[in-house]
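The exercises below ask you to read strand pairing, helix packing and a ligand shell from a set of coordinates. Each task is followed by a solution that goes step by step.

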Amino acid sequence: PLVREPLMARLEKLDAKQWVAEPTFMSSAEGEMAPINKPHDLTAQVGTRRDALDFEVEEAIARAEAIQPGWNALGGEKRALLLEAAADLFEDHTDEFLSLCQREAGKTLQDAVLELREAVDFLRYYATEARRLFAEPIPLPGPTGEENRLSMAGRGVFACISPWNFPLAIFIGPPAAALASGNTVVAKPAEQTPLIAALAVELCHEAGIPEEAFQLLPGAGDVGEMITSDPRIAGVAFTGSTQTAQAINRSLAGRDGPIATFIAETGGQNAMIVDSTALPEQVTRDVVASAFQSAGQRCSALRVLHIQEDVYDEMLAMIRGAFDALVIGNPENLATDVGPVIDPDAKTSLERHIARRKTGGSQVWRRKLHRGSSKGCYVAPTIIELDSILDLKRENFGPVLHVVKYKAADIERVMEEINATGYGLTLGLHSRNDDMRAFIEARARVGNFYVNRNQIGAVVESQPFGGEGLSGTGPKAGGPHYVARFATERVVCIDTTAAGGNATLLA
Ligand code: UN1
């Protein structure tokens, strides 16, 4: 009896469980319950979601606003303890989170484990940051007779809008930072993955974070739009597409009231450069992981591989060999490397892109899909040859790798083209030439530059993550400046001379 059931058996038992996502404060209103199905089997239901109604959004913000001063007054240490208690509860619910990552988001077990790890790391790291930044006011210099100090406080109510590709880690990271800073939060998860978000919020409440301070508002873009256009929202932390970030930016600019803080982490057109000094086995391993892990559904994922002409045929042959060995299938099977994409729309848009490149005359290699794949949203992993990264007009968010051949003499132009995409998220380099590394590093305009390794899987605190340009506003998630961006600074200046300096001047 002391031997615990193996993980896979425990997860299998959870397969029957139906989950529900609803607004934190449910009204008696009868909203429509929408089914959430597995991306890899659209006939299998995981649970239901009820979107927040307009008046529920309205009331949620009012509640969050009312409790914010009290939450802020708790101080950094107490807020840190609550976030750490939530992290402990997340770990206690490992099975449920892994099961939901697989069933609701179509993640492989490996991805699900990494996702939970990252969520817990965010909670613990931002708790540490709450202690560091919100402890005692910082004394500032000044002349004798003047006392100056600076302290940090929450801004008010933060809206956190998160994507389906990291339905737990990126759902919880920005709210954890906002809460750490003394803000209260209304969180809208992606419409595809509200169930895992609902469990995360529930556990935060169980840990002692007041329900009013962290509320869930499930819904699609209209709910997000209603939240961000509300002048009571002091800041928005958004992760998702560049287009949506631009729309939120316009909406924030157009509203009356306080100037909102905007933190956005968006898309990429991520490149890797492989020169003739690179180690082929290492390149193969890292290219395949960067392009196809998580079915390419990471904003950090490699999209355009640039290989030096001298080694192009050899490298591509090895990469194609590893590509041909990828196991595509049900993410609930342990052996699977590549699972489904998130939904039918994602599949359609990727298939359209691939078809267009084929018609345009590009060389295209595709894997065959497994039997039974038509029940789910599978896109066969694909490699496409291109002349230039600038042939791509937008991010293709899935298991599609583009390959460009370049001549050593053209490396300057290659870097110019990569920068000309306007995105600036991740860049990879495989080279054993230190001069080449210095050359690329000096020209790279990306948030995260990875050398001789894969270019995904940034670790909280070790590799703070986030881009520039079309890829986002910074600051870097999981880095030392992130939590501070959710806060406001207040300076108190006291005249400590007996009569008071101004009084003396006026006399
Ligand atoms: C995202 O995909 O939205 O480094 C960003 C990584 C992850 C990327 C998260 N932290 O792969």
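**Exercise 1: the mixed sheet**

Ala21 has Arg49 of E3 as its bridge partner, and the coordinates that this and the following exercises use are those of a predicted model. Starting from this pair, work out in which sense E1 and E3 pair, and over how many bridges.

*Solution.* Step one is to extend the pair to its strands: E1 and strand E3, which covers residues 41-50, run in the parallel sense and are joined over 3 bridges. Step two is to place this pairing in its sheet, an open one of 3 strands with the order E1-E3-E2 and mixed pairing. Strand E1 (19-21) and strand E2 (33-38) each have a single partner strand and stand at the edges, so that one side of each is left without a neighbour in the sheet. Step three concerns the twist, for which neighbouring strands are turned against each other by 40° on average, when direction is ignored. The last step is to look for a helix on the sheet: H7 packs there, touching E1, E2 and E3, and its direction makes about 80° with that of E1.

**Exercise 2: two packed helices**

Determine how H3 and H7 pack, giving the angle and the distance between their axes.

*Solution.* Helix H3 (residues 76-92) and helix H7 (residues 194-206) pack at about 130°, and their axes are 8 Å apart. Because angles from 65 to 115 degrees count as roughly perpendicular and those over 145 as roughly antiparallel, this value makes H3 oblique to H7. The crossing of the two helices is right-handed. H3 brings Ala86, Leu89 and Phe90 to the contact, while H7 brings Leu203, Cys204 and Glu206. Sorted by class, the residues of this contact are 5 nonpolar, no polar and 1 charged.

**Exercise 3: the antiparallel sheet**

Find the strand order of the sheet that contains E5, and state which strands form its edges.

*Solution.* The order is E4-E5-E20, in an open sheet of 3 strands with antiparallel pairing. Strand E4 (138-140) and strand E20 (487-495) are the edge strands, each pairing on one side only, and the twist from one strand to the next averages 30°. Strand E5 (residues 146-154) pairs with E20 over 9 bridges in the antiparallel sense, and within this pairing Glu147 has Ile494 of E20 as its bridge partner.

**Exercise 4: the ligand shell**

Classify the residues that surround the ligand.

*Solution.* The surrounding residues include Pro163, Phe166, Thr239, Arg298, Cys299, Ser300 and Phe465. Counted by class, the whole shell has 7 nonpolar, 4 polar and 1 charged residues.

Note on methods: Residues numbered from 1 in each chain as written. Predicted model: local features only at pLDDT ≥ 70, side-chain atom pairs only at ≥ 80, totals over all residues. Near = placed C-beta within 6 Å. Nonpolar A, V, L, I, M, F, W, Y, C, P; charged D, E, K, R; others polar. Axes fitted to C-alpha atoms, helices over the stretch in contact; angles between N-to-C directions. Helix = DSSP H or I, 4+ residues; strand = E, 2+ residues; numbered from the N terminus. Parallel < 35°, antiparallel > 145°, perpendicular 65-115°, else oblique. Left-handed = near helix turned anticlockwise from the far one by under 90°. Contact = placed C-beta atoms within 7 Å. Pairing = 2+ DSSP bridges.
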